Amino acid sequence: MVAAYLLLAPAILLLVTVLAYPVGWEAWISLTDLSPLNDRGATFVGLQNYLRFATDAAFWQAAVVTVGFAALTTLAKLVLGIAFALLLARPFRGRALVFLAVFLPWAYPASVSVMGWYWTLSPPIPTAYAPFMGHLKVSVDHAVGTGAWSFLAVTLFNVWRGSSFIGVLLLAGINAVPPELFECALLDCRSAWRRFWLVTVPLLRPFLALAVFLSLTTAFADLANVWLLTAGRVVFPVIGTQAYWLAIKAGQFGAASALSLMLVPFLLGVLLLLFKVFDPPDEARA
Amino acid sequence: MAQVLMKDLNKKYDEVHAVKDVNLHIRDKEFVVLVGPSGCGKSTTLRMVAGLEEITAGEIAIGDRVVNDLPPKDRDIAMVFQNYALYPHMTVYDNMAFGLKMRKFAKAEIQKRVGEAAEILGIHDLLKRKPRQLSGGQRQRVAVGRAIVRHPQVFLFDEPLSNLDAKLRVQMRVELKRLHERLETTAIYVTHDQVEAMTLGDRVVVMKDGWIQQVGEPLELYTKPTNRFVAGFIGSPAMNFVDVAIQGSDGSLSAQGTGIRLAIPPANAARLGPYKGQRVTLGIRPEDLHIAAGADQAPYVFDAVVDVVEPLGSEILLDVKAGPNSLVARVEPTVRLKVHDGVRLAVNPERLHFFDSTNEKAI
């Protein structure tokens, strides 16, 4: 009995130090007015940090943008990811090269590729296409609203990188399905479209659930890429940048903690829902 | 119901010539088994009939239609796969109904057909379950049921029993045979198991390296194999082969091997005459060897030493050594012999096989 707990101790210690302690501390801060700007230390303020967001227009804007961003990128990544996976699932000449091309966006270090995108979309002044991109940015912002160009940039980058990952994930999913299942469908159904919906999609359901969830979490937690692609000028705030602003720029640790913690129950709910829909638990085996 | 015709059928992959000039006429209502070691082209041939593999050259006709360019769905075949290939997300009923739904059958008709098939296979109680909740044997029944409901012109079976344990395999084999007698649908069945081939097939096609070696009724393959490969592949334990030289004058030929010398029966003498002075391969089935008794003529008897004794209950398999040659003899369970005992064995002279040493064809 004692030995069992001793054996578990390293894992428990690790979880406590890297997960339970920081999250617990953040939860505590979210109930205080801790800030580097006041000298008296933290005072307990109850749920005030949470409640203030209900009437905060900036929060609601950030929330709407975040949800829109997450939904849009997830949809785009799923469609592209499935297309990549289906393309790569069957052998053809040069498949290795295509696989490399598909996988590269994900394999390449984000910090480097994000700069590449930034310079492409907001080129440095001396480059030949800088005036053209400048015009494009202005006209997009003018037509859709300020921040549209930034939104587009962040969305493009997220989809570019994420569809690569989802493509490879779903390819692994397709490869895990016995090929006879697809052949069997071929014997009964000629239309590739129907086979896709009746056989391929249901067989890939657990992988799709995982893909959607990972896509949503990266979209919700996307702070670094938004920050880098907009050079810190967050003309449209998402929850991540909003929390960063509150904590680092405004020094409101309590409010920032409350804001980021609010994502946890939301994402947890999404996770449960996704797995209920996409990957229902099977009834007991025979 | 239909016949299946394969004419000069060939399949080439980049490097591999998997099926070579296969010509086969499968008659209406016939149960034909393709058998051979792995890589012999049997599955590829079946998959070409199904339309899952493209035909490199040649022609396949089902009924009176050439199907080379027909998609699988329009060939009017139903296939049973080795790993069952049941859709895990559908119930047994939906699995069985899938092909009919895709062909836009009326709901009542689908219900009727699935009901009938479930009745035949005894899986009525399982219709609402998912494949995961079934045992291997039940899954196999469902896979067969899914083929039956289609009322196809031809059933294609790709090693359907290979994933079952030995006991269940024997049981399902009998059921498949019974089913074929009841449905009378043309069937092509692929297996690497020669016992399955012999018990199920009206005719058996033995393949090796992409070539058809022999086509015939099971007993014909057993008694008159056309070459050494078929002789060794059909029958268990496998036929014994001994390298011998043909000697003597016409009328009294003998086969002389190291440590074994047998007279050649008059029935074989004429065909073996031209081989005088040459080496050939002598084939003796284990069941055509017995412990020599007084009635056995001396020219058909040889001495050997027991190497291994395998008592199987109903019989004993004796692994013996005659000179450098290892042979297996199937003897009565009452025989009492130990390892290293000397034993005098007699052959059944009417059942000796001879094969040309160079082209391995039966002489």
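Which residues of helix α9 (residues 192-203) of chain A are buried? The close-up views below are taken from a predicted model, and the first of them takes up this question.

**View 1. Buried and exposed residues of helix α9 of chain A.** In this helix, L198(A), V199(A), T200(A) and L203(A) are the buried residues. Seen down the axis of α9(A), the buried residues fall within an arc of 155°, and they therefore line one face of the helix. These buried residues pack against α8 (179-188) of chain A, whereas the exposed residues W193(A) and W197(A) are carried on the face of α9(A) that is turned away from the buried side.

**View 2. The open sheet of chain B.** Four strands, in the order β2-β1-β4-β5, make up an open sheet with antiparallel pairing. Because β2 (17-26) and β5 (65-66) of chain B stand at the edges, each with a single partner strand, one side of each is left without a neighbour in the sheet. Strand β4 (residues 57-62) of chain B pairs with β5(B) in the antiparallel sense over two bridges, and A61(B) has V66(B), in β5(B), as its bridge partner.

**View 3. Helix α1 of chain B against the strands.** Helix α1 (residues 42-50) of chain B lies across β1 (4-12), β2 and β4 of chain B, and runs at about 115° to β1(B).

**View 4. The contact between chains A and B.** Here 19 residues of chain B are in contact with 17 residues of chain A. On the side of chain B that touches chain A, helix α2 (residues 92-102) of chain B gives the most, with three residues. By class, that side of chain B has 11 nonpolar, five polar and three charged residues.

Definitions and conventions:
Residues numbered from 1 in each chain as written. Chains lettered and ligands numbered in written order. Predicted model: local features only at pLDDT ≥ 70, side-chain atom pairs only at ≥ 80, totals over all residues. Pairing = 2+ DSSP bridges. Contact = placed C-beta atoms within 7 Å. Axes fitted to C-alpha atoms, helices over the stretch in contact; angles between N-to-C directions. Buried ≥ 20, exposed ≤ 12 C-beta atoms within 10 Å, placed from the backbone. Arc of directions from axis to C-beta. Nonpolar A, V, L, I, M, F, W, Y, C, P; charged D, E, K, R; others polar.
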